[in-house]
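User: Could you zoom in on a single part of this model and walk me through it closely? I'd like to know how that part sits against everything around it.

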Amino acid sequence: VHQTTFVVRCLKWLQSRYTSHSMGITIVGHSMGGLVALAALSNAIKYLDIDRDAVGLVITLASPHSRAPLMTQPAMARFYASLQSRAGSLHVPTVSISGGWKDLQVPSSMVLLPGQTSTVT
């Protein structure tokens, strides 16, 4: 929750400073940072903290979209459930890049975005 709040504040600041954003802001997040970025963007749009077109692209790097590599806390399960329930509501182009076949912690099957059924290798 703290991380998403921080990212929302950053997005609001960027939008206020760069009002002529013809291409929009590009967000890049690695691992859980990619999930935090998507959650923050979803919250910011839902609560009208930023314009719907303020963000033009989200890139996630080795972000485990389908499930956490190790689910240790109930809060993590709630976070994933929340992300899944909002999947597809962003309408922002999102690119998910895996760590490749050598990434043993977050394999390619875990970086699939909701609704995506295959990866490009």
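Analyst: Let's start with helix α2 (residues 32-46), which lies across β1, β2 and β3 and runs at about 140° to β1. Helices (H or I, at least four residues) and strands (E, at least two) are DSSP runs here, numbered from the N terminus. Angles are taken between N-to-C directions, from 0 to 180 degrees, with axes fitted to C-alpha atoms and, for helices, only over the stretch in contact; contact means heavy atoms within 4.5 Å. Bear in mind that this is a predicted model, where local features need pLDDT of at least 70 and side-chain atom pairs count only at pLDDT 80 or more, while totals for chains, interfaces and linings use all residues. Residues are numbered from 1 along each chain as its sequence is written, and side-chain values use heavy atoms, leaving out hydrogens and water.

Under the helix, 3 strands make an open, parallel sheet in the order β1-β2-β3. Its edges are β1 (25-30) and β3 (94-97), each paired on one side only, and neighbouring strands are turned by 15° against each other on average, ignoring direction. Two strands count as paired if DSSP finds at least two bridges between them. β1 and β2 have 6 of them, with His30 standing opposite Leu61 of β2. On its other side, β2 (residues 55-61) is joined to β3 by 4 bridges: Leu61 partners Ile97, and Val58 partners Thr94.

Now the connections. β1, α2 and β2 form a right-handed β-α-β unit; right-handed means that, with the strands pointing away from you, the path from the first strand over the helix to the second runs clockwise. β2, helix α3 (residues 74-86) and β3 make another right-handed unit.

The loop leading from β1 into α2 holds Ser31, whose phi is near 55°, positive though the residue isn't glycine. Ser31 is partly exposed because its relative accessible area is 24% (buried is under 20%, exposed over 50%, partly exposed in between, with a 1.4 Å probe and protein chains only). Ala62, in the loop between β2 and α3, also has a positive phi, near 50°, but counts as buried because its relative accessibility is 10%. For context, most residues other than glycine have a negative phi.

What about packing? A nonpolar core is a set of buried Ala, Val, Leu, Ile, Met, Phe, Trp, Tyr and Cys residues joined through side-chain atoms within 4.5 Å. The largest one has 16 residues, of which Leu11, Ile27, Leu41, Ile50, Val55 and Val58 touch the most other members. α1 (2-17), β1, α2 and β2 each supply at least two, and α2 gives the largest share, 6 residues. A second, separate core of 6 residues includes Leu35, Ala39, Ala68 and Tyr80. Back in the main core, Ile50 touches Leu41, Ala44 and Ile45, among others, setting aside residues up to four places away in sequence.

One last stop is Ser96 in β3. Its side chain makes a 3.4 Å polar contact with that of Thr60 and reaches the backbone oxygen of Val111 at 2.6 Å. A polar contact is a pair of N or O atoms within 3.5 Å; within protein, one must be able to donate a hydrogen and the other to accept it, and residues adjacent in sequence count only if both atoms are side-chain atoms.
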